[in-house]
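The following paragraphs lead through the model displayed here, beginning with a single side chain and moving outward to the sheets, helices and cores.

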Amino acid sequence: MGRHFEVRAAAMQKTANAKAKVYSRYSKEILVAAKNGDPNPDMNQTLKKAIERAKANDVPRDVIKRAIEKAKSSADESFNAKRYEGFGNAGSTIIIDCLTDNDNRTIASLRAAFNKAHAKLGVANSVSFGYQHLGVIVVKYEDEDAMMEALLDAGIELQDIEIEEGYMTVTVDPTQLDDAKVVIDKLIPGVKYEVFEDRMVADDTVRLEGTDKELFQRLLTLLDDVDDVQNVYHNVENINE
């Protein structure tokens, strides 16, 4: 497919701030899953999958445990999933997924970020029609034939396999992401997942230069500071260059 998943950037994001954002994201997902069902993962498949994804992204066990305990003790706290879409300069687009307990606070924070970056919020589906929802896995592995055979034999709907600088990017139907992990765990014992998530991937990408690129980078930085933001997807292929 030739899509750019920014494999190396994702694999090398090991700063304290990046880790804190990942921990916060999965803590909130676990909290919501535990509150919407049984706090026992053996009785709650949504919670079990959230915990497995957190572990695959190196979230410590104590962070996971605190999120579950918070769900048990905060009966009145309620989060809603919200998706926002918008436009930057020169054909750039962006999708922001949030988990929030205050819609007004969230939209105000997003509008402030967009205004400061000279970007524009759009309406529902104004951007997302140009994206595909995919399950994305990145591991340090280079045997494409072995990976393909293992996944196909297990009935996984494989979308694509790409290898770059020793890292393999596997894309599957997002509903089979956890099933694919079971297969890969068996194929590569002790494997470390550099990326393990379902995400929106743009059908077409753009390259930004000069002021356009600086403004888009500013937007991403401002959105990263919004606590309610869970995931950000965009179509800019050279944002980390």
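**From one arginine to two sheets**

In this predicted model, R53 is in contact with Y26, P174, L177, D178, F196 and D198, once its neighbours within four places in sequence are left aside. R53 itself belongs to helix α3, which covers residues 45-56. Its side chain makes a polar contact with the side chain of D198, at 2.9 Å. R53 counts as buried because its relative accessibility is 15%, and the cut-off for buried is under 20%.

The record offers a frame for much of what follows: UniProt, in an unreviewed entry, places the feature "domain: TACO1/YebC-like second and third" at residues 82-236. Over residues 82-236 the chain is 32% helix and 35% strand, and the C-alpha atoms at the two ends are 22 Å apart.

One open sheet consists of four strands in the order β5-β6-β4-β7, with antiparallel pairing. Its edge strands are β5 (158-164) and β7, each of which pairs on one side only, and from one strand to the next the twist averages 20°. Between β5 and β6 the antiparallel pairing runs over six bridges, and I161 stands opposite V170 in β6. Helix α6 packs on this sheet, where α6 touches β4, β5 and β6, and its direction makes about 160° with that of β5.

Which residues have the most contacts inside the largest nonpolar core? This core has 20 residues, and those with the most contacts inside it are I137, V139, M147, L151, V170, I184 and Y193. At least two residues of the core are supplied by each of β4 (131-140), α6 (144-153), β6 (167-172), α7 (177-187) and β7 (193-202), with the largest share, four residues, coming from α7. The surroundings of Y193 can be followed in detail: apart from its neighbours within four places in sequence, Y193 is in contact with A56, I137, V138, V139, K181, I184 and D185. A second core, separate from the one just described, has 19 residues and includes I96, C98, A119 and V236.

The other sheet to follow is also an open one of four strands, in the order β3-β1-β2-β8 and with antiparallel pairing. Because β3 (120-121) and β8 stand at its edges, each with a single partner strand, one side of each is left without a neighbour in the sheet. Strand β1, residues 80-87, runs antiparallel to β3 and is joined to β3 by two bridges, and the bridge partner of G86 in β3 is L121. Two helices can be traced against this sheet. Helix α5 (residues 103-116) packs on the sheet, touching β1, β2, β3 and β8, and its direction makes about 150° with that of β2. Helix α8 (residues 210-224) also packs on the sheet, touching β2 and β8, and the direction of α8 makes about 5° with that of β2.

At the other edge, strand β2 (residues 93-100) and β8 run antiparallel and are joined by five bridges, and I94 has H234 as its bridge partner in β8. Is β8 mostly covered or mostly open? Strand β8, residues 229-234, is mostly covered, with five of its six residues buried, although β8 is an edge strand with a single partner in the sheet.

Key:
Residues numbered from 1 in each chain as written. Predicted model: local features only at pLDDT ≥ 70, side-chain atom pairs only at ≥ 80, totals over all residues. Heavy atoms only, no water. Buried < 20%, exposed > 50% of the residue type's maximum accessible area, 1.4 Å probe, protein only. Pairing = 2+ DSSP bridges. UniProt positions renumbered as here; feature names shortened; annotations may be inferred. Core = buried A, V, L, I, M, F, W, Y, C linked by side-chain atoms within 4.5 Å. Contact = heavy atoms within 4.5 Å. Axes fitted to C-alpha atoms, helices over the stretch in contact; angles between N-to-C directions. Polar contact = N/O pair within 3.5 Å; in protein donor to acceptor, adjacent residues only side chain to side chain.
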